[in-house]
Amino acid sequence: MREVYRAGSLHEAQMLVDLLADERIETFVRNEHLQGALGELPLTLQPIVCIIDDSKYLAARTIARDFELANRRDAGPDRLCGHCGETSPGNFSVCWKCRKEFAPTDVNEGE
Ligand SMILES: [Zn+2]
């Protein structure tokens, strides 16, 4: 078993699982049962899409990467954390690193 993708939500994980299933790649989602009770999801409990058969890893990663790029396009520009300076995808509401919530001023404005 090998990890291929950390999803931002269970919905996102499921979309990738479906894509991988189309390619006959068997998957397993770690942490999928932890959501719901928690509201805002700690990053350590993100759903993690894993594949059962390690030999499919490269194919799975290619699909996951394309999926991620498509998601990020929809998410808008990356957000720069005003607290720690790390960049997060535009659809994140908190910094992936320090978990500080983004203020509107944290969006890249090209000042
Ligand atoms: Zn931060």
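**Exercise 1. State the order in which the helices and strands of the protein chain follow one another from the N terminus.**

Solution. Reading from the N terminus on, the elements of the protein chain run β-α-β-β-α-β-β, in a model that is predicted. That order agrees with the tally for the protein chain, which has two helices and five strands. As background for the later exercises, buried residues make up 15% of the 111 residues in the protein chain. Among the contacts in the protein chain with a separation of 6 or more, 47% are accounted for by residues 24 or more positions apart.

**Exercise 2. Work out whether the distance between the end C-alpha atoms of helix H1 agrees with the span that its residues should give, and then describe where its buried residues fall around the axis.**

Solution. Begin with the length: helix H1 covers residues 10–22, which is 13 residues, and at 1.5 Å a residue, counted as one less than the number of residues, these should span 18 Å. The end C-alpha atoms of H1 are 18 Å apart, so the two values agree.

Next, list the buried residues of H1, which are Ala13, Leu16, Val17 and Leu20. Seen down the axis of H1, these buried residues fall within an arc of 105°, and therefore they line one face of the helix. On the other side of H1, His11, Asp18 and Asp22 are exposed. Finally, H1 is followed by arginine 24, whose phi is positive, near 60°.

**Exercise 3. Give the strand order of the open sheet of three strands, and explain why one side of S1 and of S2 is left without a neighbour in the sheet.**

Solution. The open sheet has the order S1-S3-S2, and its pairing is antiparallel. S1 and S2 stand at the edges, each with a single partner strand, and so one side of each has no neighbour in the sheet. Direction ignored, neighbouring strands of this sheet are turned by 30° against each other on average.

Now take the pairs one at a time. S1 and S3 pair in the antiparallel sense over four bridges, and the bridge partner of arginine 2 in S3 is isoleucine 51. Four bridges likewise join S2 to S3, which run antiparallel; valine 29 has valine 49 as its bridge partner in S3, while phenylalanine 28 stands opposite cysteine 50 in S3.

**Exercise 4. Identify the residues on the covered and uncovered faces of S3, and relate them to H1 and to the largest nonpolar core.**

Solution. In S3, Val49 and Ile51 form the covered face, whereas Ile48 and Cys50 form the uncovered one. H1 lies across S1, S2 and S3, running at about 170° to S2.

The largest nonpolar core has 11 residues in all, and Val49 and Ile51 are among them, together with Val4, Tyr5, Ala7, Ala13, Leu16, Val17, Leu20, Ala60 and Ala64. Strand S1 (2–6), H1, S3 and helix H2 (57–75) are the elements that give two or more residues to this core, and the largest share, four residues, comes from H1. For one core member from the list, leave aside its neighbours within four places in sequence: alanine 64 is then in contact with Val4, Tyr5 and Leu16.

**Exercise 5. Locate proline 47 in the chain, and decide whether proline 47 is buried or exposed.**

Solution. Proline 47 has its place in the loop between strand S2 (27–30) and strand S3 (48–51). Counting other C-beta atoms within 10 Å gives 24 for proline 47, and because the cut-off for a buried residue is 20 or more, proline 47 is buried. Proline 47 and valine 29 are 18 residues apart in sequence, yet their C-alpha atoms are 6.2 Å apart in space.

Notes. Residues are numbered from 1 along each chain as its sequence is written. This is a predicted model: local features need pLDDT of at least 70, side-chain atom pairs count only at pLDDT 80 or more; totals for chains, interfaces and linings use all residues. A residue is buried if 20 or more other C-beta atoms lie within 10 Å of its own, exposed if 12 or fewer, and partly exposed in between; C-beta atoms are placed from the backbone. Two residues are in contact if their C-beta atoms, placed from the backbone, lie within 7 Å. The arc is that of the directions from the helix axis to the C-beta atoms. A nonpolar core is a set of buried Ala, Val, Leu, Ile, Met, Phe, Trp, Tyr and Cys residues joined through C-beta atoms within 7 Å. Two strands pair if DSSP finds at least two bridges between them. Axes are lines fitted to C-alpha atoms, for helices over the stretch in contact, and angles run from 0 to 180 degrees between N-to-C directions.
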